[in-house]
Amino acid sequence: MSLFLEEALAIEDKLVSIRRKIHTNPELAYHEEDTAELVGEWLGRLGISVTTHVGGTGVVGVLKGPKAGRVVALRADMDALPLQEASDISFRSRKEGVMHACGHDAHIAMLLGAAMILAKHRDELRGTVKFLFQPAEEAAEMGGGALPMIEAGVLRNPKVDYVFGLHIFANYPSRTFALRPGPLMAASCTFKIRILGRGGHGSSPHQTVDPVFITAQLITALQGIRSRMVDPVEPSVVSVCSVHSGTRNNIIPDDAVLEGTVRTVNDATKAKIASLIRGISDSVCKAFGARCEVEIKDAYPVTVNDPGVEADVSKLLKSIPGTRTVEVPPLLVAEDFSFYLREVPGTYYFLGTRNEKKGCVGPNHSTRFKIDERVMKYGSASLALLAFEFTGRGVR
Ligand SMILES: [Zn+2]
Ligand SMILES: [Zn+2]
């Protein structure tokens, strides 16, 4: 294994410069045009066949070895988030209100790094490696970017046998790989509640049905689901994450809109929470004379690692010098990588990037998110290793 790590170390400067270039020019879901162009150019330069505009702005590279073997897909997501970066790094986002705050810039660099390593070993490769650069992972409200890629046929022709994905994560220390067999991440649902009141003058609330006041009651009531109505040892979350209403200080508005997310790891709990959100929203609104419209949509399913594949992945990760591999409990984040894992066995794993000494402490999805770039070489080496070993899995 140390060979792939040595090769990753040799291209470390390239990984950092690719990541920084993408970081300065973040692109939101389905607008990853410059990013896709950069990916396509790199793959082309490596002699890897490239297809662009797959499932929207996705890019697929195919590297075929001379010997027969399995087909392994490696996936990186490419989209950024609608956040204003709050750090003073030299390569900070040049786009107002858009930021790579989940590390997808590093995912692209790490997967390109794996492609560089594997392209060097093309003559020894058994089977085929597909590089999936996917749009729109963050856009759960749009259904994400994985399904359109799958619908475009990325898991067919040739049929993919194993799929792997990697995520940078500030929850774990630098150079730590974290994963588990079975369910790794939650299913997510999005909800949108529109409270229909009746506006009027701020001085005369009795002549109105005040949706702002009702919003306050409803947010509190919804927290009763998790704390009072669902088994406390069952993992679940109900979060209201956006509230919009009103225009100025003395006008009671007509309506208010709340949006949020639900996370669960089993279907019965998910159904129960959805029905409680509807019931509580109706009752609270009715109690104060308002009506409401509730929309609840399934976003991503549970991300389930194949136990047999995961066991081999863990073993391989443990062989990478300078890293640590740990088994973690399920997390309530959600990922559209789950859609690939419903079709093909594989494993999703995290690479820790928290490094207090370097000030890399802000969590993913925060304006202060900062990654320890020196971990990227381990990510590239791990992806190259999984592709190399799994293309030869069970092949003589
Ligand atoms: Zn994210
Ligand atoms: Zn992410």
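This text leads through a predicted model, beginning with its two zinc ions and moving on to the pocket, the cavity, two helices and one strand residue.

The zinc ion designated ligand 1 takes its protein donors from C102 (SG), E138 (OE) and H365 (NE2), which lie 2.0 to 2.3 Å from the metal. Along the chain these donors follow the spacing C-x35-E-x226-H. E138 belongs to the loop between β4 (126–134) and α5 (146–151), while H365 belongs to the loop between β16 and α10 (376–391), so this pair ties together parts of the chain that are 227 residues apart in sequence. The two residues can also be described by their accessibility. E138 has a relative accessible area of 18% and is therefore buried, the limit being under 20%. H365, at 42% relative accessibility, counts as partly exposed.

The zinc ion designated ligand 2 is held by C102 (SG), H104 (NE2) and H167 (NE2), at 2.1 to 2.4 Å. Here the spacing of the donors is C-x1-H-x62-H. Distant parts of the chain are again linked, with H104 in helix α4 (residues 104–120) and H167 in strand β5, 63 residues apart. H104 is buried, its relative accessible area being 0%, and H167 counts as buried at 6% relative accessibility. What connects the zinc ion (ligand 1) and the zinc ion (ligand 2)? C102 coordinates both ions, which are 3.0 Å apart.

Two of the donors to ligand 1 reappear in the description of the largest pocket. Its lining comprises 39 residues, and those nearest the pocket centre are E138, A140, E141, R263 and H365. Strands β5 (162–173), β8 (187–196), β10 (236–245), β12 (255–264), β13 (291–298) and β16 (346–354) are the elements that give two or more residues to this lining. The pocket holds about 1,200 Å³ of space. By class, its lining has 20 nonpolar, nine polar and ten charged residues.

Enclosed space is described separately. One cavity of 30 Å³ or more is counted, and the largest cavity contains about 40 Å³ of space. The residues that line it are R75, A76, H107, M110, L111, L166 and L383. Both β3 (67–77) and α4 supply at least two of the lining residues, and α4 gives the most, with three. The lining divides into five nonpolar residues, one polar and one charged. Helix α4 thus takes part in two of the features considered here, for H104 in this helix is a donor to the zinc ion (ligand 2), and the helix also contributes to the cavity lining.

Helix α3 (residues 33–45) shows how a helix of this model is packed. Its 13 residues should span 18 Å at 1.5 Å a residue, and the end C-alpha atoms are indeed 18 Å apart, which agrees. The buried residues of α3 are T35, A36, L38, V39, G40, W42 and L43. An α-helix has 3.6 residues a turn, so residues three or four places apart point the same way. The cover over the buried residues of α3 includes α2 (12–24), β1 (49–54), β2 (58–64), α4 and β4. After the helix comes G47, whose phi is positive, near 75 degrees.

Helix α6 (residues 211–229) has 19 residues and reaches 25 Å from its first C-alpha to its last, close to the 27 Å expected at 1.5 Å a residue. Which residues of α6 are buried? They are P211, I214, T215, L218, L222, G224 and I225. These buried residues pack against β8, β10, β11 (251–252), β12 and α7 (267–287). Strands β8, β10 and β12 each give two or more residues to the lining of the largest pocket as well.

Strand β12 also contains E259. Is this residue buried or partly exposed? At 34% relative accessibility, E259 counts as partly exposed. The C-alpha atoms of E259 and K192 are separated by 4.4 Å, although their positions lie 67 residues apart along the chain as a separation in sequence. Leaving aside residues up to four places away in sequence, E259 touches F191, K192, S239, V240, C241 and S242.

Definitions and conventions: Residues numbered from 1 in each chain as written. Chains lettered and ligands numbered in written order. Predicted model: local features only at pLDDT ≥ 70, side-chain atom pairs only at ≥ 80, totals over all residues. Heavy atoms only, no water. 1 Å grid on protein atoms, 1.4 Å probe; cavity = no way out; pocket = protein on both sides within 12 Å on 5 of 7 lines; lining within 4 Å. Points joined across faces, edges and corners; volume = space filled by probe spheres on them. Helix = DSSP H or I, 4+ residues; strand = E, 2+ residues; numbered from the N terminus. Nonpolar A, V, L, I, M, F, W, Y, C, P; charged D, E, K, R; others polar. Donors = N, O, S within 2.8 Å, 3.2 Å for Na, K, Ca; no water. Buried < 20%, exposed > 50% of the residue type's maximum accessible area, 1.4 Å probe, protein only. Expected span 1.5 Å × (residues − 1). Contact = heavy atoms within 4.5 Å.
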